[in-house]
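Student: I would like a close look at a single part of this model. Please take one helix and follow it into its surroundings.

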Amino acid sequence: GFTCGIVGLPNVGKSTLFNALTSAGIQAENYPFCTIEPNVGVVPVPDTRLDKLAELVQPEKVIPTTLEFTDIAGLVAGASQGEGLGNQFLANIRETDAIGHVVRCFEDSDVVHVGGKVDPVGDIEVINTELALADLDTVTRNRERTAKAAKSGDKEAQARLAVLERVQAALDEGQPVRALGLTEEEREHLRDLHLLTIKPTLYIANVDEGGFEDNPHLESVRAHAASEGAGVVPVCAAIESEIAELDSEERAEFLAEIGQEEPGLNRVIRAGYDLLGLQTYFTAGPKEARAWTTRQGATAPEAAAAIHTDFQRGFIRAEVISYDDFVEHGGEKGAKEAGRLRSEGKEYVVVDGDVIHFLFNV
Ligand code: GDP
């Protein structure tokens, strides 16, 4: 699976957000394939398309796809030098595929700020500096080794050295590696270093109830994020944790009262999903309508592996109806009659929203 790590300084609202995510979440026993630890939450990915498919197909069960979040507590200034839970913290981040960086954009004199005042860009810099220092350490050591090999005429090492030099210079300035716009080939040279600042990152701005507009803290986060090409999702963690406690009827009422169509958490979940480069396809039959996750750009056999590895190995072909066609023609039968069911082979690149039936050998 893919996991999005939630990081941030203490007291910015990480746990509040994480708990809201997981209490809105699903029962671990329904997902025996994931090992769930206390700091890991498996969260259903909200998708109105699945509801629409279920309406058309009327299956016995409707199963959303999921995304994993990991709560990574304990980052303080000095972590890269082993302060706080420094090394543990960095090791935990290393295992994630993307980073959701929570920053405090709410004022509340009852909640102590570790830096003495609410300063989201300052907070971002504290964390990014720690991550950049940890990467700098990794890169510097690797560069020394690579330089030796490059000197003895190793062409591969020479190419790698050029990338390492560029990366080291950026890290020296406190710039995250992800902001460098490296090519796939350049990234390949760095892959085995498992750098922290190369991971796709999103800022989650924790604002007050009324802090979605005219909030200078939020604006400063947006400006900073734009400078690194990162996204920002504003959310009010305190309200989200209240919403997560409600049953579905109360929830609908509450959302109507505050003039929202859906919980703000949905935006966080979807942004995490996009950040990870994921997309959804569906299977829809009388037993179950289900959403599945695959990498954007995945071929049909690769996508089939989300269901079962045997599906990938024994892949014959995929019968595909695009989501829009499926809905427009009232389901599989109608889409087929309208000639909208395509038979696709193993080179087919799955499109977000495809409704797929896999044919395979066992
Ligand atoms: P963490 O240390 O980053 O995990 O932060 P917590 O989630 O424990 O939150 C720290 C404190 O801030 C708690 O007292 C929360 O109730 C409070 N808090 C979290 N989110 C909000 C928010 O959106 N608005 C306000 N006013 N307080 C919040």
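Which residues are buried in α7?

Tutor: This is a predicted model. In α7, the buried residues are His217, Leu218, Val221 and Ala225. Viewed down the helix axis, the buried residues of α7 fall within an arc of 95°, so they line one face. The face turned away from that buried side carries exposed residues: Pro216, Ala223, Ala226 and Ser227.

Now the length. Helix α7 covers residues 216-228, which makes 13 residues. At 1.5 Å a residue, α7 should span 18 Å. The C-alpha atoms at its ends are 19 Å apart, which agrees. Just after α7 comes Gly229, with a positive phi of about 70°.

Next, the partners. The buried residues of α7 pack against one helix, α4 (120-151), and against the strands β5 (98-105), β6 (201-207) and β7.

Those strands belong to a sheet. Six strands make up this open sheet, and their order is β2-β4-β1-β5-β6-β7. The pairing is mixed. At the edges stand β2 (40-44) and β7 (231-235), each pairing on one side only. From one strand to the next, the twist averages 30°.

Finally, the β2 edge. Strands of a sheet pair through backbone hydrogen bonds, either parallel or antiparallel. Here β2 pairs with β4 (residues 66-71) in the antiparallel sense, over five bridges. Within that pairing, Val42 stands opposite Glu68 in β4.

To return to the helix: its buried face is lined by His217, Leu218, Val221 and Ala225, and β7, one of the strands these residues pack against, is an edge strand of the sheet.

Technical notes: Residues numbered from 1 in each chain as written. Predicted model: local features only at pLDDT ≥ 70, side-chain atom pairs only at ≥ 80, totals over all residues. Pairing = 2+ DSSP bridges. Helix = DSSP H or I, 4+ residues; strand = E, 2+ residues; numbered from the N terminus. Axes fitted to C-alpha atoms, helices over the stretch in contact; angles between N-to-C directions. Expected span 1.5 Å × (residues − 1). Buried ≥ 20, exposed ≤ 12 C-beta atoms within 10 Å, placed from the backbone. Arc of directions from axis to C-beta. Contact = placed C-beta atoms within 7 Å.
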